[in-house]
Amino acid sequence: MFNAEKVKNECVAWIREFFEQNGKGCNAVLGISGGKDSSIAAALCVEALGKDRVIGVLMPQGEQHDIDKAYELVNHLGIKHYVINIKDAVDGVLNQFPTELKVTAQTLQNIPPRIRMSTLYAVSQSVNGRVCNTCNLSEDWVGYSTRYGDSVGDFSPMSNLTVTEVKEIGYLLGLPKDLVDKIPIDGLCGKSDEDNLGFTYAELDVYIRTGKIEDPDKKELIDKKHKANLFKLELMPSFKPTL
């Protein structure tokens, strides 16, 4: 049985300890999309550090249809925030692409999150900050993140918690229900996470924690994605010479 209050309190204490050891007096900086993960991560940081030490960065690419949720979050928490539109940066990279290089769908999908992470670190270095990673265990398990994009950060409060567990913590933190229950959309291709994955987070979360899943085809799909994306969770391989 998941004890959301116990885990929430432990996570808040862990964030405080991280900053004591790795940036006493620094600010937590995180990208705010309006989805549950960035909302809950921000709320955890506010409880741990106080709202004056949490800074949100909204990074639409041109027009963002659900940016009102991001504003709802920063206003609810009362945190300082900046809006940096990344459209010109994304277009600048693509406009300079050599014509002989094929711009694949994956290329188009992954440039924005990598530019967003560069933007977050630029802001962080300007405000004496540490970047908060907002990924959760469920997404990481099946590789649903962009390497060197939203998969990185200086500290990660939720990467060992499933979507189901993260949402329980979100309710405890008093966040607006529409933010915690917002249907997760990756913001890259317009589909929901679950449409793209081929299974629900509820099914995935049970499988992660218990090893049980009713549909053998979904089990095979989850296992395949997990195996194929394990490299994202590991440090970059490095050659070790014999000296």
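Buried means under 20% relative accessible area, exposed over 50% and partly exposed in between, with a 1.4 Å probe and protein chains only. Strands (E, at least two residues) and helices (H or I, at least four) are DSSP runs, numbered from the N terminus. The model is predicted: local features need pLDDT of at least 70, side-chain atom pairs count only at pLDDT 80 or more, and totals for chains, interfaces and linings use all residues. Residues are numbered from 1 along each chain as its sequence is written, and side-chain values use heavy atoms, without hydrogens and water.

**Exercise 1. Work out the strand order of the sheet and its edges.**

Step 1. Apply the pairing rule: two strands pair if DSSP finds at least two bridges between them.

Step 2. Start from S1 (residues 27-31). Three bridges link S1 to S4 (residues 129-131), in parallel. Here Val29 faces Val131 of S4.

Step 3. Turn to S2 (residues 54-58), which pairs with S1 in the parallel sense over four bridges. Val29 stands opposite Ile55 of S2. Gly31 has Val57 as its bridge partner in S2.

Step 4. Add S3. S2 and S3 are joined by four bridges, again parallel. Val57 stands opposite Tyr82 in S3.

Step 5. Assemble. The four strands give an open, parallel sheet in the order S3-S2-S1-S4. S3 (80-83) and S4 are the edges; each has a single partner strand, so one side of each lacks a neighbour in the sheet. The twist averages 25 degrees from one strand to the next (axes are lines fitted to C-alpha atoms; angles run from 0 to 180 degrees between N-to-C directions).

**Exercise 2. Decide whether S1 and S2 are enclosed.**

Step 1. Take S1 face by face. Asn27, Val29 and Gly31 are buried on one side, Ala28 and Leu30 on the other. Five of the five residues are buried, so S1 is largely enclosed by the rest of the structure.

Step 2. Repeat for S2. One side holds Val54, Gly56 and Leu58, the other Ile55 and Val57, all buried. With five of five buried, S2 is therefore also largely enclosed by the rest of the structure.

**Exercise 3. Find the handedness of the crossover from S2 to S3.**

Step 1. View with the strands pointing away; a clockwise path from the first strand over the helix to the second is right-handed.

Step 2. Follow the chain. S2, helix H3 (residues 67-77) and S3 form a right-handed β-α-β unit.

**Exercise 4. Describe the lining of the second largest pocket by residue class.**

Step 1. Set the classes. Ala, Val, Leu, Ile, Met, Phe, Trp, Tyr, Cys and Pro are nonpolar; Asp, Glu, Lys and Arg are charged; the others, Gly among them, are polar.

Step 2. Sort the lining: nine nonpolar, eight polar and five charged residues.

Step 3. Locate the main contributor. Helix H6 (residues 137-141) gives the most to this lining, with three residues.
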